[in-house]
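User: I would like to learn how to read the features of a structure that is new to me. Could you take me through them one by one?

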Amino acid sequence: MSQADLLDQDPVFQLKGSMLAITVMELAHYDLERLDRQLDEKVAQAPNFFQNTPLVMALDKLPDGALALDLPALLDVCRRHGLRTLAVRASRVEHIAAADALDIPVLPPSGARERPIDPVEPTARKKVEKPVEKPLEPTVQPTRIITTPVRGGQQIYAPGGDLVVLAAVSPGAELLADGNIHVYGPMRGRALAGIKGDAKARIFCQQLAAELVSVAGQYKVAEDLRRDPLWGQQVQVSLSGDVLNITRL
């Protein structure tokens, strides 16, 4: 057998399974204007975080009698906020047909238990004509302490202070704090410290296995973190300029 024949038999690809954290946006109402405004408020909590975020658009919970869905316009609103729709979850014939027309994969309605990532919806309010003065320093709040494991799909936020987790953090979980984040166990989810711009905030964990770490909007994802020699070890994450530093504790 010639060298060319051997080369031709060499596989050019390999199929692999993967446990990736995918965000599901479950629409309760079809209102593009409100969606655009509420996404603005959500993204403002962590600048640079919602960039090329993979998304499943869930349409199966929309109420009967809702307005005719303009799927291209809906996906365009998400795209403007850094959300990239990989698939649509749908059960209605018209929704499936709209996804097929855009060559987007369709997933069946999920029977899995899903926890909301953002349990507190921002309240609707009228726009104020004059600018609202913001305090130079955030109000310091007591440290929030979590003693139980943080499961995938859970989001825990410590406004105005530090977050301390005395247990493991599972893949798909998300920790947010205006101050520092301390994890006294394996950190396998996402950790975002200083989300309102505090560049002095830090992340401390006993075992670095995170999907994402971020300080004041600067972040590293798992692909970058796995290349770090301190992956899987006890570390602290701090910010110097625009560079995240990972050092041994």
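User: Which residues does P186 touch, not counting residues up to four places away in sequence?

Analyst: Keeping in mind that this is a predicted model, P186 touches A168, V169 and Q207 once residues up to four places away in sequence are left out. P186 itself is found in strand β9, which covers residues 181–187. For one of these contacts there is also a backbone distance, since the C-alpha atoms of P186 and A168 are separated by 5.0 Å, although the two residues are 18 residues apart along the chain.

User: How should I read the packing of two helices, and at what angle do α2 and α3 pack?

Analyst: Two packed helices are described by the angle between their axes together with the distance between those axes. Here helix α2 (residues 32–44) and helix α3 (residues 71–80) pack at an angle of about 15 degrees, and their axes lie 10 Å apart. Angles under 35 degrees count as roughly parallel, so α2 is roughly parallel to α3. The crossing of α2 and α3 is right-handed.

User: Which residues of α2 and α3 meet?

Analyst: From α2 come L32, L35, D36 and L39, and these meet A73, L74, V77, C78 and R80 of α3. Sorted by class, the contact of α2 with α3 holds 7 nonpolar and 2 charged residues, with no polar ones.

User: What is the order of the 5 strands in the open sheet?

Analyst: The order is β6-β8-β10-β12-β13, and the pairing within this open sheet is mixed. Its edge strands are β6 (155–158) and β13 (218–221), each of which pairs on one side only. Neighbouring strands of this sheet are turned by 10 degrees against each other on average, with direction ignored. At the β6 edge, 4 bridges join β6 to strand β8 (residues 174–177), and these two strands run parallel. As an example of the register, Y157 has L176 in β8 as its bridge partner.

User: Why is strand β3 described as largely enclosed by the rest of the structure?

Analyst: Of the 7 residues of strand β3 (residues 83–89), 5 are buried, and therefore the strand is largely enclosed by the rest of the structure. As a general idea, the side chains of a regular strand alternate between the two faces of the sheet. Strand β2 (residues 53–58) pairs with β3 in the parallel sense over 6 bridges, and V56 stands opposite A87 in β3. β3 also pairs with β4 in the parallel sense, over 2 bridges, where R89 has L107 in β4 as its bridge partner.

User: What is the phi of D103 and of A216?

Analyst: Most residues other than glycine have a negative phi. Phi of D103 is near 60 degrees, a positive value in a residue other than glycine, and phi of A216 is also positive, near 50 degrees.

User: Where are D103 and A216 placed, and is each of them buried or exposed?

Analyst: D103 lies in the loop between α4 (93–101) and β4 (106–107), and with a relative accessible area of 70% D103 is exposed. A216 lies in the loop between β12 (212–215) and β13, and with a relative accessible area of 23% A216 is partly exposed.

Note on methods
Residues are numbered from 1 along each chain as its sequence is written. This is a predicted model: local features need pLDDT of at least 70, side-chain atom pairs count only at pLDDT 80 or more; totals for chains, interfaces and linings use all residues. Side-chain values use heavy atoms; hydrogens and water are left out. Axes are lines fitted to C-alpha atoms, for helices over the stretch in contact, and angles run from 0 to 180 degrees between N-to-C directions. Angles under 35 degrees count as roughly parallel, over 145 as roughly antiparallel, 65 to 115 as roughly perpendicular and the rest as oblique. A crossing is left-handed if the near helix is turned anticlockwise from the far one by less than a right angle, and right-handed if clockwise. Contact means heavy atoms within 4.5 Å. Ala, Val, Leu, Ile, Met, Phe, Trp, Tyr, Cys and Pro count as nonpolar, Asp, Glu, Lys and Arg as charged, and the others, Gly among them, as polar. Two strands pair if DSSP finds at least two bridges between them. Buried means under 20% relative accessible area, exposed over 50%, partly exposed in between (1.4 Å probe, protein chains only).
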